[in-house]
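This note sets out points for a colleague who is meeting the structure for the first time. Please read each point with the sequence and the structure in view.

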Amino acid sequence: MNIEKIRVRFAPSPTGYIHVGNARTALFNWLFARQNKGVFVLRVEDTDVERSREEYERRLIDDLRWMGLDWDEGPDAGGNFGPYRQSQRLDIYQGYTQKLLQEGKAYYCFCSTEQLEKERETALAAGTMPIYSGRCRVLDPGEAERRIRSGEKAAVRLKVPDEGLISFDDLIRGHLEFDLKLIGDPVLVRSTGFPAYNYAVVIDDHLMKITHVVRGEDHISNTPRQILTYRALSLEPPLFAHLAMVMGKDNTRLSKRHGATAVDQFAIEGYLAPAFFNYLALLGWAPPEGREVLEKAELLELFDLKKVSRSAAIFDYEKLHWINRQHIKKLDPGGKARRAFPFLADAGLLPEAMTEVHWRWLEKAAESLMEGVDKFSELPQKFSLLFDFTPLALDEEAKSILKSESAPKVITAFAQKLERAGGLDYAKYAAIIEEIKKETGIKGKALFHPLRVALTARTSGLELDKFIPLVEEGARLSFPRPIKSCLERVRETKKHLESKAADI
RNA sequence: GCCCCUGUCGUCUAGCCAGGUCUAGGACACCGCCCUUUCAAGGCAGCAACACGGGUUCGAAUCCCGUCGGGGGCGCCA
């Protein structure tokens, strides 16, 4: 095959939301096209009128874009080989069908669905592969033509040789062979006049000058049928590469039960698109150097379609989370704040109208609080450290810290000094800590644990020297849910300690 | 049932094609230690796999055969 310019396509059917398996197929196609300076085509396979919906096509395009993919030709992008929706190409298929019929390479099939279904069941019961009997193949073409003209409905089937072997060389799997005895005459055109999948792909891939078909392994057994169709039309088939499936944790087909599987869910839950992209590339492929956290450009350089694994991969959220954390870490403070904002605003923690000061505060807060976050949907929970302060709802560990011997001394001393100091900043805080150490002789955990509980009402969270400025600055800003200053917090804790000393 | 694909740590994988350098490498997760006023992050170490059985060979994760497991297909779905 003489390939001048590599052209690949992603050809989803708009019958539902795009899931990770398809997304990975799209990604590999894109990577392969872009690294070879080729063309990436998006083709919508909407020949299943019952299930195809326009809404799904829009969502599909949105999801693909979110992932960071783009295409040179497609229903929205145009191109010289359109239209890119199969439902708009019906007349094109018809031309080819006529040709096949005239040349005697295809024939009308008048069998009813019930009839076929019965035959299939019989075959299955007999323990053989259900193959179309070829009953209508022997019909006189003139007679068939008359029946059609008189208004009878019929499908069109391809004549498949009864004997022989058909083979092709898969880019990933190598040489594959199939026995023609086990391939029945496939339906090319349904009695509704709509082309069947196996037929439309062949014509479209040819007309769109596709050089490499990269798709899921569920299409392996379709490939011989398609090659047969290419032959009947005297066309040269493209090269094929069949990708292994993506499975769920329990090694069954990925479904909702495994967590998010539709691509838009990953956006909603707050995964970074480049991280999602990165992780998907790692499903069935490994970078040669072993460094796995990679940007798009690096992936483009390193990816190798021929090195893609032949066995199915299990989608692992743990690893996705790790990849996502690594990508979050690479973001600058502004970037972190921008990404965090929608999640925090939706949770009612941030005002819709953010001032410049708000943004600067958010940048600082995000820098500290986004560490170790798997996905942004965890952010409201993380930020509640700043926004929620309820000394009434302490857990057991916090209570026991307050009950310790040093706690009342530390908190009382801290409260007194804080009252006198007014506000608090890092320098004042450090000075106060020093004074308390000197006056009480308490230091280390005995000093910091009670302070942490007094200020945050929790036993874990940020380092206090990061926490204090955030809270103090935050207290001066207006938020839908105001942030309490350190002074307010200590006062409340103290009051709580005194009033309910017995039962904390 | 029949056909096809596939089988290395729990998971993603390197190695397999061109058999020895593999006491099987890396990453996630897990466990431990260090760092640290907590958590996290970071650093260091550890646990952990050639599905099984036969061959071929001086030698097999690598080649051959079989078994078993997993997946896909067998549609007028795509």
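1. In this predicted model, an open sheet is formed by three strands in the order E3-E4-E7, and the pairing is antiparallel. Strand E3 (106-109) and strand E7 (187-189) are the edge strands, since each of them pairs on one side only. From one strand to the next the twist averages 45°. As general background, strands of a sheet pair through backbone hydrogen bonds, either parallel or antiparallel.

2. Helix H3, which covers residues 90-102, packs on this sheet and touches E3, E4 and E7. The direction of H3 makes about 100° with that of E3.

3. Within the sheet, strand E4 (residues 155-158) is joined to E7 by two bridges, and the two strands run antiparallel. Which residue in E7 stands opposite Arg 157? The residue is Val 187.

4. A further antiparallel pair is made by strand E5 (residues 165-170) and strand E6 (residues 174-179), with six bridges between them. The connection from E5 to E6 is a hairpin of three residues. One of the bridge partnerships in this pair places Ser 167 with Glu 177 in E6.

5. The next points concern the domains. The division of chain A gives domain 1 (1-78 + 244-330), domain 2 (340-386) and domain 3 (388-498). Taken over C-alpha atoms, the centres of domain 1 and domain 2 are separated by 29 Å. Ten residues from domain 1 and eight residues from domain 2 take part in the contact.

6. How much area do domain 1 and domain 2 bury between them? The figure is about 760 Å², and 60% of it lies on carbon and sulfur atoms. On the side of domain 1, Glu 269, Arg 325 and Ile 328 supply 53% of the area buried against domain 2, more than any other three residues.

7. Two salt bridges are counted between domain 1 and domain 2. Arg 325, already named for its share of the buried area, also forms a salt bridge with Asp 374, in which the closest N and O atoms are 2.6 Å apart. Five residue pairs are in polar contact between domain 1 and domain 2.

8. Which elements give two or more residues to the side of domain 1 that touches domain 2? They are helix H8 (263-268) and helix H11 (317-330). Of the elements on that side, H11 gives the most, with four residues.

9. Over the whole structure, a search finds 33 salt bridges. One of them pairs Glu 57 with Arg 85, and the closest N and O atoms of that pair are 2.8 Å apart. Glu 57 lies in helix H2 (residues 54-67), whereas Arg 85 lies in the loop between H2 and H3, so the salt bridge ties together parts that are 28 residues apart in sequence. In general, side chains of opposite charge can pair when their charged atoms come close.

Definitions and conventions. Residues numbered from 1 in each chain as written. Chains lettered and ligands numbered in written order. Predicted model: local features only at pLDDT ≥ 70, side-chain atom pairs only at ≥ 80, totals over all residues. Heavy atoms only, no water. Pairing = 2+ DSSP bridges. Axes fitted to C-alpha atoms, helices over the stretch in contact; angles between N-to-C directions. Contact = heavy atoms within 4.5 Å. Domains from an automatic or database assignment. Buried area = accessible area lost by both parts, 1.4 Å probe. Salt bridge = Lys/Arg side-chain N within 4 Å of Asp/Glu carboxyl O. Polar contact = N/O pair within 3.5 Å; in protein donor to acceptor, adjacent residues only side chain to side chain.
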